[in-house]
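Please read these points with the structure open beside you, and find each residue as it comes up. The note begins with a single side chain and then moves on to the spaces in the fold and to the surface.

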Amino acid sequence: MNKTFAIVKKELHSYFSSPIAYIILIATLSLFNAFFFLIIDQNHEASLRDMFILMEFMFVFLIPLLTMRMFSEEKANGTMEFLLTSPLSLSMIVLGKYLSMLIFYSLLIGMTLIYYFILEYFGNPDAASIFYGYVGIWLEGAFFIAVGLLVSSWTRNQIIAALVSYAVIFSLYFSTSFTKYFTGSTESFFIQLSTRTHLENFAVGIITPSNITYYLTGIILCLVLTRLSIDNRLWQ
């Protein structure tokens with residue numbers, strides 16, 4: 001695990017050595033803050049339900065921009081082969097890069113916890129439903145990051161990595177739009193495939209085993225496929 005954490009540390013140092021990480025954090029939090037006050041002013045409810053739905057929509061656009069460089073940059077700079085010949089297993093490399101972005105994402109989500117304390121100060125929010133909502137938005141972001149990491153392992157071009165990530169994540173997010181063309185089991189499949197279906201349950205304070213299984217299965221599947229992609233040099 002020490003070698004995995006060494007990669008995590010290296011990646012985090014890389015993020016915060018450039019102004020991009022700070023620009024993303026400040027810009028995203030500024031948008032979240034503006035919408036938080038607009039939503040509270042409109043709904044007059046001590047709830048973050050609509051805020052979680054908004055966060056999900058924004059992360060659909062933001063996360064591919066964060067993940068597009070994770071492996072693509074290594075390949076473009078010619079450092080991928082050096083990384084693969086280092087005394088690190090492929091699983092350590094994949095897990096280290098994934099955890100580094102997950103920590104960055106968790107930091108971003110953690111900074112929005114102030115919204116709960118604002119609601120607590122002025123109202124009487126349901127702490128349990130807000131906690132479940134945060135669990136849901138964290139799991140969803142973790143899933144999107146795993147998707148972006150997988151796609152980044154397919155190409156050395158960061159723009160292509162971002163565009164393909166958008167295509168995959170958009171397909172997951174908007175899959176319920178296809179239900180009007182189908183009935184029965186196919187309709188149910190598209191409903192269950194949609195990330196919106198599962199996050200809406202978390203946002204209203206409902207956690208079911210199927211919702212957790214959906215995200216964990218997606219994360220594990222993407223990480224395993226990423227390892228196979230790196231092992232088989234699919235970008236070459």
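1. Arg69 is a good place to begin, and it counts as buried because its relative accessible area is 18%, which falls under the 20% limit used for that word. Please keep in mind throughout that this is a predicted model.

2. The partner of Arg69 is Glu73, and the two form a salt bridge in which the closest N and O atoms are 2.8 Å apart. Glu73 has a relative accessibility of 27%, so this residue is described as partly exposed. Elsewhere, Lys10, Glu11, Glu74 and Lys97 are joined into one network by salt bridges that share partners, and a search of the whole structure finds seven salt bridges.

3. Arg69 also appears in the description of the largest pocket, which has a volume of about 280 Å³. Which residues lie nearest the centre of this pocket? They are Tyr15, Ser18, Ile20, Leu66 and Arg69, out of 14 residues that line the pocket. The elements that each give two or more residues to this lining are α1 (2-16), α2 (19-43), α3 (49-67) and α6 (90-110), and α2 gives the most, with three residues. When the lining of the largest pocket is sorted by class, there are nine nonpolar, three polar and two charged residues.

4. The second largest pocket holds about 190 Å³ of space, and of the 14 residues that line it, Phe143, Val147, Gly218, Leu221 and Cys222 are the closest to its centre. Two or more residues of this lining come from each of α8 (127-152), α9 (158-173) and α12, with α12 giving the most, namely six residues. By class, the lining of the second largest pocket divides into 12 nonpolar residues, two polar residues and no charged residues.

5. Leu221 deserves a second look, since this residue of helix α12 (residues 209-231) is found both in the second largest pocket and in a nonpolar patch on the surface. The patch is formed by Ile207, Ile212, Leu216, Ile220, Leu221, Val224, Leu225 and Leu228, which together have about 640 Å² of accessible area. Is Leu221 itself buried, partly exposed or exposed? Leu221 counts as partly exposed because its relative accessibility is 49%, and the word exposed is kept for values over 50%.

6. A cavity, unlike a pocket, is a space from which the probe cannot get out, and a search of the whole structure finds one cavity of 30 Å³ or more. About 40 Å³ of space lies in this largest cavity, and the residues that line it are Ile39, Ile40, Asn43, Glu45, Ser47, Arg49 and Asp50. Both α2 and α3 give two or more residues to the lining of the cavity, and the largest share, three residues, comes from α2. By class, the lining of the largest cavity has two nonpolar, two polar and three charged residues.

7. Salt bridges also link residues of that cavity lining, for the side chains of Glu45 and Arg49 meet at 3.3 Å, N to O, while those of Arg49 and Asp50 meet at 3.5 Å, N to O. Glu45 counts as partly exposed because its relative accessibility is 35%. Arg49 is also classed as partly exposed because its value is 29%, and Asp50 is partly exposed because its relative accessibility is 29%.

Terms used. Residues are numbered from 1 along each chain as its sequence is written. This is a predicted model: local features need pLDDT of at least 70, side-chain atom pairs count only at pLDDT 80 or more; totals for chains, interfaces and linings use all residues. Side-chain values use heavy atoms; hydrogens and water are left out. Patches are made of residues with over 30% relative accessible area and no salt bridge: like charges are joined within 9 Å, nonpolar side chains (Val, Leu, Ile, Met, Phe, Trp, Tyr) within 5 Å. Accessible areas come from the Shrake-Rupley method with a 1.4 Å probe; for residues, only the protein chains shown count as cover. A salt bridge is a side-chain nitrogen of Lys or Arg within 4 Å of a carboxyl oxygen of Asp or Glu. Helices (H or I, at least four residues) and strands (E, at least two) are DSSP runs, numbered from the N terminus. Buried means under 20% relative accessible area, exposed over 50%, partly exposed in between (1.4 Å probe, protein chains only). On a 1 Å grid over the protein atoms alone, a cavity is a set of points where a 1.4 Å probe fits but cannot get out, and a pocket is an open set with protein on both sides within 12 Å along at least five of seven lines; lining residues have an atom within 4 Å of a point. Grid points are joined across faces, edges and corners, and a volume is the space filled by probe spheres set on the points. Ala, Val, Leu, Ile, Met, Phe, Trp, Tyr, Cys and Pro count as nonpolar, Asp, Glu, Lys and Arg as charged, and the others, Gly among them, as polar.
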